[in-house]
Amino acid sequence: MGAVQNACTRAQVPCRLTMPGHTSYVSSVAVTSNSEVCITGSADLTLRVWDLQQGTCTAVLRGKYGRDSDARRALTHVGHTMTVVDVALGSNDKTVVSASLDLTIKVWDLRQECMSCINTISGDLYLAYEWAVHVLIL
């Protein structure tokens, strides 16, 4: 597995775990408050949920196609369509917010029965960011 150098002591710190899964580079990581789960965002347009105790991927959050509320309309994509550049966990570790180069911010429900995108904010990204920060503190 390799090692990295501690910037303060210059000591070699061994890599404890490598978790393969993304098909492109990982651009962001968020770890739950109990350090048992982490969420990664990637240029492969997905977020992955990882069990840090087992070193396994437990879920892949990606776009999926489905009809919007008006069934007569065309299929719509609900996941990111470009690189995921940032992820942040809500204070309850049940919600994650992701930001993408597709100029959207998405809110994901991490509860096992859901594991889906529950809201997408696009347009004015400053306002979207302010809204996302509000969601994270709830």
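Me: In this predicted model, which residue of β12 stands opposite Lys 106, and what makes β11 and β12 count as paired strands?

Reply: Lys 106 stands opposite Thr 120 in β12. Strand β12, residues 116–122, and β11 are joined in the antiparallel sense over 6 bridges, and since a pair requires at least two bridges between the strands, β11 and β12 are therefore called paired.

Me: What stands opposite Lys 106 in β10, and how do you know that β10 and β11 pair?

Reply: Ser 98 stands opposite Lys 106. Strand β10, residues 95–100, and β11 are connected by 5 bridges in the antiparallel sense; the requirement is at least two, so this is a pair as well. In the hairpin of β10 and β11 there are 3 residues between the strands, and Leu 103 takes a positive phi near 65°.

Me: What makes β11 a mostly covered strand, and which residues lie on its two sides?

Reply: In strand β11, residues 104–109, 6 of 6 residues are buried. Thr 104, Lys 106 and Trp 108 lie on one side, with Ile 105, Val 107 and Asp 109 on the other, and both faces are covered. For Asp 109 the relative accessible area is 8%, and because buried means under 20%, the term applies to Asp 109.

Me: Why is the contact between Arg 111 and Asp 109 called a salt bridge, and how many salt bridges does a search of the whole structure find?

Reply: The closest N and O atoms of Arg 111 and Asp 109 are 2.4 Å apart, and the cut-off is within 4 Å, so the contact qualifies as a salt bridge. A search of the whole structure finds 1 salt bridge. Arg 111 has a relative accessible area of 38%; as this value falls between the limits of 20% and 50%, Arg 111 is called partly exposed.

Me: What makes Val 31 eligible for a nonpolar surface patch, and which residues form that patch?

Reply: Val 31 is partly exposed, with a relative accessible area of 44%, and patch members need over 30%, so Val 31 meets that cut-off. The patch is formed by Val 26, Val 29 and Val 31, which together have about 240 Å² of accessible area. Val 31 belongs to strand β3, residues 26–31.

Me: Why are β3 and β6 called edge strands, and in what order do the strands of their sheet run?

Reply: The order is β3-β4-β5-β6, an open sheet of 4 strands with antiparallel pairing. Strands β3 and β6 (56–61) each pair on one side only, as edge strands. Neighbouring strands of this sheet are turned by 25° against each other on average, direction ignored. Within the sheet, β4 (residues 37–42) and β5 (residues 47–51) pair over 5 bridges, and Ile 39 has Val 49 in β5 as its bridge partner.

Note on methods. Residues are numbered from 1 along each chain as its sequence is written. This is a predicted model: local features need pLDDT of at least 70, side-chain atom pairs count only at pLDDT 80 or more; totals for chains, interfaces and linings use all residues. Side-chain values use heavy atoms; hydrogens and water are left out. A salt bridge is a side-chain nitrogen of Lys or Arg within 4 Å of a carboxyl oxygen of Asp or Glu. Buried means under 20% relative accessible area, exposed over 50%, partly exposed in between (1.4 Å probe, protein chains only). Patches are made of residues with over 30% relative accessible area and no salt bridge: like charges are joined within 9 Å, nonpolar side chains (Val, Leu, Ile, Met, Phe, Trp, Tyr) within 5 Å. Accessible areas come from the Shrake-Rupley method with a 1.4 Å probe; for residues, only the protein chains shown count as cover. Axes are lines fitted to C-alpha atoms, for helices over the stretch in contact, and angles run from 0 to 180 degrees between N-to-C directions.
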